[in-house]
Amino acid sequence: MNDFVSRAINTVLASLEDSKAENIVSIDIQGKSSLGDYMVIASGRSHRHVAAVAEHLLKALKDAGLGNARVEGLSGADWVLIDT
């Protein structure tokens with residue numbers, strides 16, 4: 001695993017834990033998909049919690065020097081997809 005991927009997955013998991021996200025699952029898809037190296041799925045208790053978890057994660061990624069992630073679904077917060 002390269003340094004960027006390692007820093008990214010560690011940042012994502014730490015941010016989700018810190019935000020009290022629920023049912024966090026990390027799936028290693030390295031070599032199985034051209035989409036990426038990991039897929040992480042987590043749940044929130046409400047739309048407000050999902051939005052807060054997503055915003056916290058976006059800030060954590062930026063603060064870690066991992067750039068600006070692409071985001072979909074944040075406006076409704078029924079679901080949010082963050083691609084980094």
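**A walk through the predicted model**

The protein chain has an accessible surface of about 5600 Å², and carbon and sulfur atoms account for 51% of it. Keep in mind throughout that this is a predicted model.

Let us start with the overall layout. The protein chain contains 2 helices and 4 strands, and reading along the sequence gives the pattern α-β-β-α-β-β. Its radius of gyration is 12 Å, close to the 12 Å that the globule rule gives for 84 residues, so the chain is as compact as a globular protein of that length. If you follow the C-alpha trace along its principal axes, it spans about 35 × 25 × 20 Å. Of the 84 residues, 24% are buried. Looking at contacts between residues at least 6 apart in sequence, 41% join residues at least 24 apart.

Now turn to the surface. Val 25, Ile 27, Met 39 and Ile 41 make a nonpolar patch of about 310 Å². The elements giving two or more residues to this patch are strand 1 (22-28) and strand 2 (38-43). Val 25 has its place in strand 1; its relative accessible area is 41%, which lies between the 20% and 50% cut-offs, so Val 25 is partly exposed.

Ile 27 is also found in strand 1, and with a relative accessibility of 33% it counts as partly exposed. Which residues does Ile 27 contact, once its neighbours within four places in sequence are left aside? They are Asp 37, Tyr 38, Met 39 and Ile 41. Two of these names, Met 39 and Ile 41, appeared in the nonpolar patch as well. To get a feel for distance, look back along the chain to Leu 16: Leu 16 and Ile 27 are 11 residues apart in sequence, and their C-alpha atoms are 15 Å apart in space.

For a view of a buried residue, go to the loop between helix 1 (3-18) and strand 1, where you will find Ser 19. Its relative accessible area is 15%, and since buried means under 20%, Ser 19 is buried. Beyond its neighbours within four places in sequence, Ser 19 is in contact with His 49, Val 53 and His 56.

Charged side chains come next. How many salt bridges does a search of the whole structure find? There are 4, and three pairs among them can be visited here. One joins the side chains of Arg 45 and Glu 22, at 3.8 Å from N to O. Arg 45 sits in the loop between strand 2 and helix 2 (47-63) while Glu 22 is in strand 1, so this pair ties together parts that are 23 residues apart in sequence. Arg 45 is exposed, at 54% relative accessible area, whereas Glu 22 is partly exposed, at 31%.

Another salt bridge pairs Asp 83 with Arg 70, whose closest N and O atoms are 2.6 Å apart. This pair links distant parts of the chain, with Asp 83 in strand 4 (residues 81-83) and Arg 70 in strand 3 (residues 70-72), 13 residues apart. Asp 83 counts as partly exposed at 31% relative accessibility, and Arg 70 counts as exposed at 56%.

The walk ends within a single helix. Lys 59 and Asp 63 form a salt bridge with their closest N and O atoms 2.6 Å apart. Both residues lie in helix 2, 4 residues apart, about one turn of the helix. Lys 59 and Asp 63 are both exposed.

Methods: Residues numbered from 1 in each chain as written. Predicted model: local features only at pLDDT ≥ 70, side-chain atom pairs only at ≥ 80, totals over all residues. Heavy atoms only, no water. Patch = residues over 30% accessible without salt bridge, like charges linked within 9 Å, V, L, I, M, F, W, Y side chains within 5 Å. Areas by Shrake-Rupley, 256 points an atom, 1.4 Å probe, with all protein chains shown as cover. Buried < 20%, exposed > 50% of the residue type's maximum accessible area, 1.4 Å probe, protein only. Rg over C-alpha atoms; globule rule 2.2 N^0.38 Å. Contact = heavy atoms within 4.5 Å.
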